[in-house]
Amino acid sequence: MIKLAENESFMLIKQKSKTFLLSSFLISSVLFSQVHNVSEGYVKPDDPLVVQNLEQWQDLKFGLFMHWGTYSQWGIVESWSLCPEDESWTQRKPEHGKSYNEYVKNYENLQTTFNPIGFNPQKWANAAKKAGMKYVVFTTKHHDGFAMFDTKESDYKITSPRTPFSKNPKADVTKEIFNTFRNDGFKIGAYFSKPDWHSENYWWPYFPPKDRNVNYDPKKYPERWNSFKKFTFNQLNEITSNYGKIDILWLDGGWVRPFHTIDPAVEWQRTIKVEQDIDMDKIGKMARKNQPGIIIVDRTVPGKWENYITPEQAVPEHALSIPWESCITMGDSFSYVPNDNYKSSQKIIETLIKIISRGGNYLMNIAPGPNGDYDAVVYDRLKEISNWMEKNQSAVFATRGIAPYHEGDLYYTRSKDGKTVNVFHISEKAEYKAPANLTFSVPENFKPKTLNRKLYRS
């Protein structure tokens, strides 16, 4: 990392300095090239509290995402095997049910064996905080409809007497996670799936489900759809009323959206054949009443309720002018899979550098297992990241992108006050060796005077 600062002289203690500091680190350099469709038509929030919260969120840079539910017992992709689409992530294992209906029954019966007695959110918070993570987004409910919070709207929940873990004093895991991480200074994000494949008002048993969408026409059966809207509103009211301060409401399932917002250029949106307007105005106003200034992320639905955009498993190739966050798994899967292929700490650090140089945040997903803990290798990765972060955090947090953003193996960030520019150098070599000379573009109107060279290895 090269640090350029507009002050007088550089010292390791805090003094006014005009600095040229070079530090380097061991890191791989595999580029993300996956193209991700992001919403066009971004609407900048006009609520001063939301603007302030969004600015603070952009300072955080590194967050923890957690997908966790009963599905962890089977070690399968979260929820999607319930969806009758022919995609790789919806495949069902025959040992879990010979027919679709048998499979669904067995999947929903996972509630009766879910007992993650190793659940200890403080252990997670300690490791995440040392690694530099500063906010957490937790799946309060995924598409399968199983609530990881104490909802009064359904018995399909972790606190139900049908769930063994309900007898545990930490049974309301959403409450425990939010309180623990909040006490450690994290901003709190609640993931919530708008579609609910367990609800009879979304997938009506009268009709078989055909795909991920509602399986009846809401315009033809408005009373049923209104019941689903009420159910969704009430659950989101519970989350934003009963779980302390929440900074982000992260809404997934973008096919539940007004029909006029569909982008025909996006393949999965072309499968939406009926109106699925959930009344986001009503939900958003309620959430802001309960939680003034809360950031709302109605993923992939452009407009005033998508306060930032969320590329998935990808990093935009260029800097974006609007707030954004890449959600990327530490392993290969968002949910727990035995013997998952976890990324190296070098890969994770490199990805973080690329994201922040383009002005985004990195929301890294780690999936707890059925016992309620991470795999041991996760803690190893987080410790390795923390070693690097201790030396380089000043170039990560509270920074923004600056032109030229990245050139070859060089990546740029700047401090919010504009007085410091940081230049990261990464290399594909297995063992990093600092080059004798580094040539890079100094941002316009920036004139460093001195050079101090330091070598940091992760």
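## Aromatic contacts and enclosed elements

Trp57 and Tyr135 are both buried. They are a useful way into this structure, which is a predicted model. The protein chain holds eight helices and 14 strands. Of its 458 residues, 57% are buried. Among contacts in the protein chain with a separation of 6 or more, 70% join residues 24 or more positions apart.

### Aromatic pairs

How many aromatic pairs does the structure hold? The count is 37. One of them is formed by Trp57 and Tyr135, whose rings meet edge-to-face. Their centres are 6.2 Å apart, and the planes make an angle of 70°. This pair ties together distant parts of the chain. Trp57 belongs to helix H1 (residues 48-60) and Tyr135 to strand S4, with their positions 78 residues apart.

Trp124 and Tyr374 also form an aromatic pair, this one stacked. Here the centres are 4.9 Å apart, with 10° between the planes. Again, distant parts of the chain are linked: the two residues are 250 residues apart. Trp124 sits in helix H3, while Tyr374 lies in the loop between strand S9 (361-365) and helix H8 (376-392).

Are Trp124 and Tyr374 buried or exposed? The cut-off for buried is under 20% relative accessible area. Trp124 has 0%, so it counts as buried. Tyr374 has 6%, so it is buried too.

Both residues also belong to one aromatic cluster. The other members of that cluster are Trp68, Phe114, Phe119, Phe146, Tyr156, Phe165 and Tyr379.

### Charges over rings

Rings also take part in contacts with charged side chains. The charged end of Arg212 sits over the ring of Trp255, at 5.3 Å from its centre. Lys282 lies over the face of Phe233, 4.9 Å from the centre of that ring.

### Strand S4 and its neighbours

Strand S4 (135-141) holds Tyr135. Why call S4 enclosed? Seven of its seven residues are buried, so the rest of the structure largely encloses it.

S4 pairs with strand S3 and with strand S5. Phe65 has Val137 in S4 as its bridge partner. For Tyr135, the bridge partner is Lys187 in S5. Tyr135 thus appears twice in this account: it pairs with the ring of Trp57, and it bridges to S5.

The strand pairs described in this report are set out below.

| Strand pair | Bridges | Direction |
|---|---|---|
| S3 and S4 | four | parallel |
| S4 and S5 | six | parallel |
| S12 and S13 | five | antiparallel |

### Helix H4 and the crossover

S4, H4 and S5 make up a β-α-β unit, and the unit is right-handed. Helix H4 spans residues 173-183. Its buried residues are Val173, Thr174, Ile177, Phe178, Thr180 and Phe181. An α-helix has 3.6 residues a turn, so residues three or four places apart point the same way. Compare Thr174, Ile177 and Phe181, which are among the buried residues of H4.

What do the buried residues of H4 pack against? They pack against strand S3 (62-66), helix H3 (121-130), strand S4 and strand S5 (187-193). H3 is also the helix that carries Trp124. After H4 comes Gly185, with a positive phi near 90°.

### Helix H7

Helix H7 covers residues 345-357, which makes 13 residues. From first C-alpha to last, H7 reaches 18 Å, close to the 18 Å expected at 1.5 Å a residue.

Burial is extensive here. In H7, 12 of the 13 residues are buried, so the rest of the structure largely encloses this helix. The buried set includes charged side chains: Lys347, Glu350 and Lys354. Ile348, Ile349, Leu352, Ile353, Ile355 and Ile356 are buried as well. Gly359 follows H7, and its phi is positive, near 90°.

### The S12–S13 hairpin

Strand S13 (residues 420-425) is mostly covered, with six of its six residues buried. In a regular strand the side chains alternate between the two faces of the sheet. In S13, both faces are covered. Thr420, Asn422 and Phe424 are buried on one side; Val421, Val423 and His425 are buried on the other.

The partner strand, S12, runs from residue 410 to 415. Leu410 stands opposite His425 in S13. Four residues lie between the strands of this hairpin. Which glycine of the hairpin takes a positive phi? Gly418 does, near 80°.

Note on methods. Residues are numbered from 1 along each chain as its sequence is written. Side-chain values use heavy atoms; hydrogens and water are left out. Buried means under 20% relative accessible area, exposed over 50%, partly exposed in between (1.4 Å probe, protein chains only). Contact means heavy atoms within 4.5 Å. Two strands pair if DSSP finds at least two bridges between them. A crossover is right-handed if, with the strands pointing away from the viewer, the path from the first strand over the helix to the second runs clockwise. Rings of Phe, Tyr and Trp (its six-membered ring) pair if their centres lie within 6.5 Å; planes under 30 degrees apart count as stacked, over 60 as edge-to-face and the rest as tilted. A charge sits over a ring if NZ of Lys or CZ of Arg is within 6 Å of the ring centre and within 35 degrees of the ring normal. The expected span of a helix is 1.5 Å times one less than its number of residues.
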